[in-house]
Amino acid sequence: MHPNQALIEQFYRAFQKRDAEGMIACYHRDVTFSDSVFVGLDAAGARAMWRMLCERGKDLTLEFSDVRADDSTGSAHWEAHYSFSTTGRHVHNVIDASFEFKDGKIIRHTDRFDLWRWTRMALGPAGILLGWTPFLQGKVRAMAKKGLAEYMEKNPERAGG
């Protein structure tokens, strides 16, 4: 197994345990992260996001598969099941991840998922009717950004390092 493939598997095994510190240990100090909701996070934002999600995801379960990697890039498929904290609605999110590596760590992590599908599960009727619109998707991103900023402000020790 390629060392970068093992690194991705280590990342997801830590995630399955909601072990944010184990996940963060797989990241380069200058990592960037982006997905359909948390767009363009720097290293501090990415670390804080995983800490926040692991702390709040009391019923989170996930499976990962199709992990591939070489010296410079990697990919994985993963699926998460959890209750969305704002509505309590069950979400089954299906994600494809891509990775880039530097110095034996993940330097860039990008997750891709269908945001309209997610809004239909997480938000119910509003997501069904409006989840495809740039307006609602922008609102979801803004709420996530605000929530992460509040988490970082209230937990400065959880936002750094």
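Q: How many aromatic pairs does the count come to here?
A: The count comes to 10 aromatic pairs. Keep in mind that this is a predicted model.

Q: What's the geometry of the Phe11 and Trp50 pair?
A: Phe11 and Trp50 are edge-to-face. Their centres are 5.7 Å apart, with 80 degrees between the planes.

Q: Which parts of the chain does that pair tie together?
A: Phe11 is in helix 1 (residues 3-16) and Trp50 is in helix 3, so the contact ties together parts 39 residues apart in sequence.

Q: Are those two rings buried or exposed?
A: Phe11 is buried, at 0% relative accessible area. Trp50 is buried too, at 2%.

Q: OK, and how do Phe84 and Trp118 pair?
A: Edge-to-face, at 5.0 Å centre to centre and 80 degrees between the planes. Phe84 sits in the loop between strand 3 (73-83) and strand 4, while Trp118 belongs to helix 4 (residues 115-123). The two are 34 residues apart, and both are buried.

Q: Which residues form the aromatic cluster?
A: Phe11, Tyr12, Phe15, Tyr27, Phe33, Trp50, Phe64, Trp78 and Phe99 form one cluster.

Q: What lies over the face of Trp116?
A: Arg120 does, at 4.7 Å from the ring centre.

Q: Switching to the core. Which residues touch the most other members?
A: Tyr12, Phe15, Phe38, Ile106 and Trp118, in a largest nonpolar core of 46 residues. Helix 3 (residues 43-56) gives the largest share of this core, seven residues. In soluble globular proteins, nonpolar side chains tend to be buried together.

Q: What is Ile106 in contact with, leaving aside neighbours within four places in sequence?
A: Its contacts are Leu7, Phe11, Cys26, Tyr27, His28, Val31, Phe99, Glu100 and Phe101.

Q: Where does Phe101 lie?
A: Phe101 is in strand 4 (residues 90-102). Its relative accessible area is 11%, so Phe101 is buried. Beyond its neighbours within four places in sequence, Phe101 has contacts including Asn4, Leu7, Ile8, Ile106 and Ile107. The C-alpha atoms of Phe101 and Asp59 are 30 Å apart, with their positions 42 residues apart along the chain.

Q: Cysteines next. How many disulfides in the whole structure?
A: Zero.

Q: Why is Cys26 too far for a bond?
A: Because the closest cysteine sulfur, in Cys54, is 12 Å from the sulfur of Cys26. A disulfide needs the sulfur atoms within 2.5 Å.

Q: Are Cys26 and Cys54 buried or exposed?
A: Cys26 counts as buried, at 0% relative accessibility. Cys54 counts as buried as well, at 6%.

Note on methods: Residues numbered from 1 in each chain as written. Predicted model: local features only at pLDDT ≥ 70, side-chain atom pairs only at ≥ 80, totals over all residues. Heavy atoms only, no water. Buried < 20%, exposed > 50% of the residue type's maximum accessible area, 1.4 Å probe, protein only. Helix = DSSP H or I, 4+ residues; strand = E, 2+ residues; numbered from the N terminus. Contact = heavy atoms within 4.5 Å. Core = buried A, V, L, I, M, F, W, Y, C linked by side-chain atoms within 4.5 Å. Phe/Tyr/Trp six-rings, centres within 6.5 Å; stacked < 30°, edge-to-face > 60°. Lys NZ or Arg CZ within 6 Å of the ring centre and 35° of its normal.
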